[in-house]
Amino acid sequence: MFRKKQNKSIEINKLSSLVADNVEINGDIAFSAGLRVDGRVSGNLSNKEGSKGLLVLSDQGRIEGDVHVYDAVVNGTIVGNLTVDHFLELQPKSRVTGNISYRQLQMDCGASVDGTLTRIGDELAERNVVELQPAVAKQS
């Protein structure tokens, strides 16, 4: 009847690394703590094993490759699959072309997903799959 309130927030991490808006990286990136991407990454991006990495992708940022992180705040473009182990926030200018796996999701009006959303549950029975069409939610 009464449920324990789940922690639905991003863990505070220091954004220790930056891919600036005038930087383009071709290759895979593994990071710990926090990474902000304002530029372009062509390659897979993930936090190091055992770390709870936070990815912040600004509205100018673009990642072409698979992303696997603990927490993510996305307001830019990802072309590839996105896996977020804890909390994912899709802000209004976010554009994801690929499948998304998440534990907790906050999706703002205007965000666009062209792929499948799959909730990662504590048990396989809790999995919930939603197929989305490549439509964009419009703000009113």
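The legends below walk through several close-up views of a predicted model.

Before we start, residues are numbered from 1 along each chain as its sequence is written, and side-chain values use heavy atoms, with hydrogens and water left out. Because this is a predicted model, local features need pLDDT of at least 70 and side-chain atom pairs count only at pLDDT 80 or more, while totals for chains, interfaces and linings use all residues.

**View 1. An open sheet of 6 strands with parallel pairing.**
Follow the strands in the order E2-E5-E8-E10-E12-E14. Strands, labelled E, are DSSP runs of at least two residues, numbered from the N terminus (helices, H or I, need at least four). Two strands pair if DSSP finds at least two bridges between them. At the edges stand strand E2 (24-26) and strand E14 (112-114), each with a single partner strand, so one side of each is left without a neighbour in the sheet. From one strand to the next, the twist averages 5 degrees; axes here are lines fitted to C-alpha atoms, for helices over the stretch in contact, and angles run from 0 to 180 degrees between N-to-C directions. E2 and E5 run parallel and are joined by 3 bridges. Look for Ile 25, which stands opposite Val 41 in E5.

**View 2. Strand E9 and its pairings with E6, E7 and E11.**
Strand E9 covers residues 67-74, and 7 of its 8 residues are buried. Buried means under 20% relative accessible area, exposed means over 50%, and partly exposed lies in between (1.4 Å probe, protein chains only). Strand E6 (residues 45-47) pairs with E9 in the parallel sense over 2 bridges, and Ser 46 has His 68 of E9 as its bridge partner. E7 and E9 also pair in the parallel sense, over 4 bridges; here Val 56 is matched with Val 73 in E9. Between E9 and E11 there are 7 bridges, again in the parallel sense, and Val 74 stands opposite Leu 90 in E11.

**View 3. Glu 64 and Arg 40 joined by a salt bridge.**
A salt bridge is a side-chain nitrogen of Lys or Arg within 4 Å of a carboxyl oxygen of Asp or Glu, and a search of the whole structure finds 4 of these. In this pair the closest N and O atoms are 2.6 Å apart. Glu 64 lies in strand E8 (residues 62-64) and Arg 40 in strand E5 (residues 40-42), so the pair ties together parts that are 24 residues apart in sequence. Glu 64 is partly exposed at 28% relative accessibility, and Arg 40 is partly exposed at 32%. Arg 62 also belongs here: a network of salt bridges links Arg 40, Arg 62 and Glu 64.

**View 4. Lys 93 and Asp 59, a salt bridge between loops.**
The side chains of Lys 93 and Asp 59 meet at 3.5 Å, N to O. Lys 93 lies in the loop between strand E11 (82-90) and strand E12 (95-97), and Asp 59 in the loop between strand E7 (54-57) and E8, so the pair ties together parts that are 34 residues apart in sequence. Lys 93 is exposed, at 51%, whereas Asp 59 is partly exposed, at 40%.

**View 5. Ser 58 and its contacts, including Arg 36 and Asp 38.**
Ser 58 sits in the loop between E7 and E8 and is buried, with a relative accessible area of 6%. Leaving aside residues up to four places away in sequence, Ser 58 touches Arg 36, Val 37, Asp 38, Asn 75 and Gly 76, where contact means heavy atoms within 4.5 Å. Asp 38 and Arg 36 form a salt bridge, their closest N and O atoms being 2.9 Å apart. Asp 38 counts as buried at 12% relative accessibility, and Arg 36 is partly exposed at 33%.
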